[in-house]
Amino acid sequence: MANKVGVVGIGMTENKSYWNLSIPALYRKGALSAYEDSGLGPAQIDAVVFGHSPEYFEGVNHPEKWCSEAVGVVNKPLFRIHTGGTVGGSAAIGAYYLVASGEFDVVMAISGNKLNETSSAQIGLSTVYEPLIARRMGAGAPSAVALQASAYYAKYGYDGEYSLKVAVKNRNNAMNNPYAQLRIPDYTLEGARETPVLSYPLRMADMCPTSDAVCAMIFAREDKVKEITDKPAWVLAAVSTNEGVTYPDRDWAKPIGLRLAADIAYERAGISNPREEIDVAEVYDAFSVQEMIWYEGLNFCEWGEGGNLLESGATYMDGDLPVNPSGGVLCANSIGAAAMFRKAEAALQVMGRAGDRQVPGAQISLGHGWGGGIQFHTVMIFSSNMP
Amino acid sequence: MTKISNWDITVPYQWTPGPVLGTFLGGLREKTITGVKCNSCGKVYVPPQDLCRDCLEDMQVENFVEVKPEGTVEGFVKIRQNFFGERPSKEYLSERISPADIDQHPLLWFPEVPYVVAMIKLDEADTCMLHLVKGADMDNLKMGSRVRAAWKEETIGHIMDIDSFKITE
């Protein structure tokens with residue numbers, strides 16, 4: 001039986017371009033934020049799980065070599081995890097496992113990237129494509145998701161207007177999040193419609209920005225949690241899955257890997273009706289259309305009902321299941337930290353410490369991550385009450 | 001003060017296709033498209049894979065099948081924007097990377113914008129392949145459009161031996 005684990009500290013840097021901080025200095029900023037938040041210091045951290053997405057974003061291999069010093073944890077175990085855009089979620093889940101197993105008492109997960117160190121993150125992302133048969137056609141992440149969007153629209157009869165509504169919802173939410181990069185006053189549907197088409201059917205409004213950021217989470221075992229804080233976020237479930245990339249009849253509009261992860265997570269958390277029981281969710285909306293696809297994968301609605309769930313208003317801040325009160329990845333995407341921000345934001349909600357983006361009375365929250373070849377998913381569920 | 005230094009990294013790589021993908025590439029040189037059929041479940045992979053992703057069976061060399069170069073568009077994207085905005089000239093790149101590498105530079109791989117990349121399911125395949133779709137009738141491109149491979153005159157055993165797929169209906 002796994003130990004009960006709580007989140008006892010969260011560190012965040014603002015998402016923006018940091019021209020005055022080196023890569024390790026940005027990691028240090030994220031770690032110091034987590035120490036300040038938890039009241040802990042490096043001496044109390046037993047191990048570190050380090051995430052960081054592909055090195056080509058910064059052109060520096062093995063960034064974890066700096067990490068132990070940057071976070072102040074030296075001569076202790078450090079593990080690197082790498083799962084593309086999911087990495088922040090995978091690092092959080094890895095840290096959770098280390099504590100739940102009983103091997104360590106207090107573990108920090110920390111993940112980030114400085115995307116502005118490269119002249120084109122999309123050139124780097126094109127090297128994700130298989131080199132001999134796919135890379136000539138590969139054109140970064142937007143074009144892969146444009147293929148996903150065209151499949152989704154055709155399958156269920158939605159169009160780009162639905163996606164733009166997601167963008168407007170989340171951009172308006174981001175006005176309440178001091179860590180978001182895109183905080184654009186009076187962001188309207190009319191304005192979003194006028195943005196240029198970059199990869200048809202996706203417009204610029206449908207896409208995330210390029211950010212530098214680090215996020216950190218400190219996980220502790222039950223007995224330690226009580227020494228550190230009286231308002232932790234208890235982890236009810238931490239699940240990751242991976243779909244294949246080239247399997248037959250693969251349907252990019254139907255993320256079966258996410259549905260599997262969600263179903264396992266709900267079972268572990270004792271949730272039978274996620275739409276009713278989850279109070280707030282943070283999902284990995286790197287592109288607006290994906291938020292609707294993830295609603296379906298997360299079983300907030302049936303397959304094909306994502307656009308209708310959006311239209312119902314349920315996922316707006318005043319709905320019964322607000323999604324991405326932070327503004328989501330659409331308003332801040334460092335890739336390395338983005339999936340951990342989803343978990344950290346979800347944890348803050350059940351701690352009651354989400355500031356202006358707080359969903360009143362949130363008790364159960366969900367944080368999601370997505371990455372790889374549209375294949376990796378992470379799902380964590382948090383509660384304000386000890387399981 | 002902030003000091004920012006630039007360093008363009010150019011590292012040559014060569015990738016091993018192995019016998020399965022190698023057979024596919026060799027077939028392209030002969031202007032044929034080769035798939036591989038799983039011994040266990042019968043699914044046909046185009047391009048061929050080393051193992052069946054459904055049953056995890058190793059693919060057998062004797063199970064290569066030639067498939068017709070005709071299929072259906074299952075998803076598409078019209079790319080309107082290059083990564084750096086303007087496509088750089090060879091002269092621009094020649095100041096930055098060795099002349100021998102220029103033709104392999106990703107900035108020159110991609111066609112002039114706008115261009116179309118599609119997921120194409122060939123009629124006799126169970127998987128999709130990525131390729132370009134070109135033609136004067138692009139405005140008619142939609143999900144389910146029928147397409148057919150158009151070959152380059154000179155073929156070298158490369159994915160771009162297929163110049164593109166053309167819309168047939």
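Reader: Let me start with a detail that caught my eye: in which loop of chain A is A:Pro201 found?

Author: Happy to help, and please keep in mind that this is a predicted model. A:Pro201 sits in the loop between strand E5 (197-200) and strand E6 (202-203) of chain A.

Reader: What is the peptide bond from A:Tyr200 to A:Pro201, cis or trans?

Author: Here is the general idea: most residues other than glycine have a negative phi, and most peptide bonds are trans. The bond from A:Tyr200 to A:Pro201 is cis, with omega near 10 degrees. Chain B offers a case too: B:Val46 and B:Pro47 are joined by a cis peptide bond, with omega about -5 degrees. B:Pro47 belongs to the loop between strand E2 (44-45) and strand E3 (64-67) of chain B.

Reader: And which sign does phi of A:Asn324 have, positive or negative?

Author: Positive: phi of A:Asn324 is near 60 degrees, and this residue is not a glycine. You will find A:Asn324 in the loop between helix H12 (306-311) and H13 of chain A.

Reader: Since you mention H13, how do I read helix packing? At what angle do H3 and H13 of chain A pack?

Author: Two packed helices are described by the angle between their axes and the distance between the axes. Helix H3 (residues 87-100) and helix H13 (residues 338-351) of chain A pack at about 55 degrees, and their axes are 5 Å apart. An angle from 65 to 115 degrees would count as roughly perpendicular and one under 35 as roughly parallel, so H3(A) and H13(A) are oblique to each other.

Reader: Which residues meet there?

Author: From H3(A) come A:Gly88, A:Gly89, A:Ala91 and A:Ala92, and they meet A:Ala339, A:Met340 and A:Lys343 of H13(A). By class, the residues of this contact are four nonpolar, two polar and one charged.

Reader: How do H9 and H11 of chain A cross?

Author: The axes of H9(A) and helix H11 (residues 288-297) of chain A cross at roughly 50 degrees and come within 8 Å. This pair is therefore oblique as well. In the contact, A:Leu258, A:Arg259 and A:Ala262 of H9(A) meet A:Trp294, A:Glu296 and A:Gly297 of H11(A). Those residues divide into three nonpolar, one polar and two charged.

Reader: Now for empty space. How many cavities of 30 Å³ or more are there?

Author: Rolling a probe the size of a water molecule over the atoms shows where empty space is left. Here the count is four cavities of 30 Å³ or more. The largest cavity holds about 80 Å³. Its lining includes A:Asn15, A:Asn177, A:Tyr179, A:Cys331 and, from further along the chain's numbering, A:Phe341, A:Arg342 and A:Glu345. Six nonpolar, four polar and two charged residues make up that lining.

Reader: What lines the second largest cavity?

Author: The second largest cavity has about 50 Å³ of space. Among its lining residues are A:Gln148, A:Glu243, A:Arg250, A:Asp251, A:Trp252 and A:Trp294. Here the lining divides into four nonpolar, one polar and four charged residues. You have met A:Trp294 already, in the contact of H9(A) with H11(A).

Reader: A:Asp251 is charged, so to speak of partners: which side chain meets A:Asp251 in a salt bridge?

Author: That is A:Lys155, at 2.3 Å from N to O. A:Lys155 lies in helix H5 (residues 140-156) of chain A, while A:Asp251 lies in the loop between strand E8 (233-242) and helix H9 (256-269), so the pair ties together parts 96 residues apart in sequence. Over all chains, the structure holds 25 salt bridges.

Terms used:
Residues are numbered from 1 along each chain as its sequence is written. Chains are lettered from A and ligands numbered from 1 in the order in which they are written. This is a predicted model: local features need pLDDT of at least 70, side-chain atom pairs count only at pLDDT 80 or more; totals for chains, interfaces and linings use all residues. Side-chain values use heavy atoms; hydrogens and water are left out. Axes are lines fitted to C-alpha atoms, for helices over the stretch in contact, and angles run from 0 to 180 degrees between N-to-C directions. Helices (H or I, at least four residues) and strands (E, at least two) are DSSP runs, numbered from the N terminus. Angles under 35 degrees count as roughly parallel, over 145 as roughly antiparallel, 65 to 115 as roughly perpendicular and the rest as oblique. Contact means heavy atoms within 4.5 Å. Ala, Val, Leu, Ile, Met, Phe, Trp, Tyr, Cys and Pro count as nonpolar, Asp, Glu, Lys and Arg as charged, and the others, Gly among them, as polar. On a 1 Å grid over the protein atoms alone, a cavity is a set of points where a 1.4 Å probe fits but cannot get out, and a pocket is an open set with protein on both sides within 12 Å along at least five of seven lines; lining residues have an atom within 4 Å of a point. Grid points are joined across faces, edges and corners, and a volume is the space filled by probe spheres set on the points. A salt bridge is a side-chain nitrogen of Lys or Arg within 4 Å of a carboxyl oxygen of Asp or Glu.
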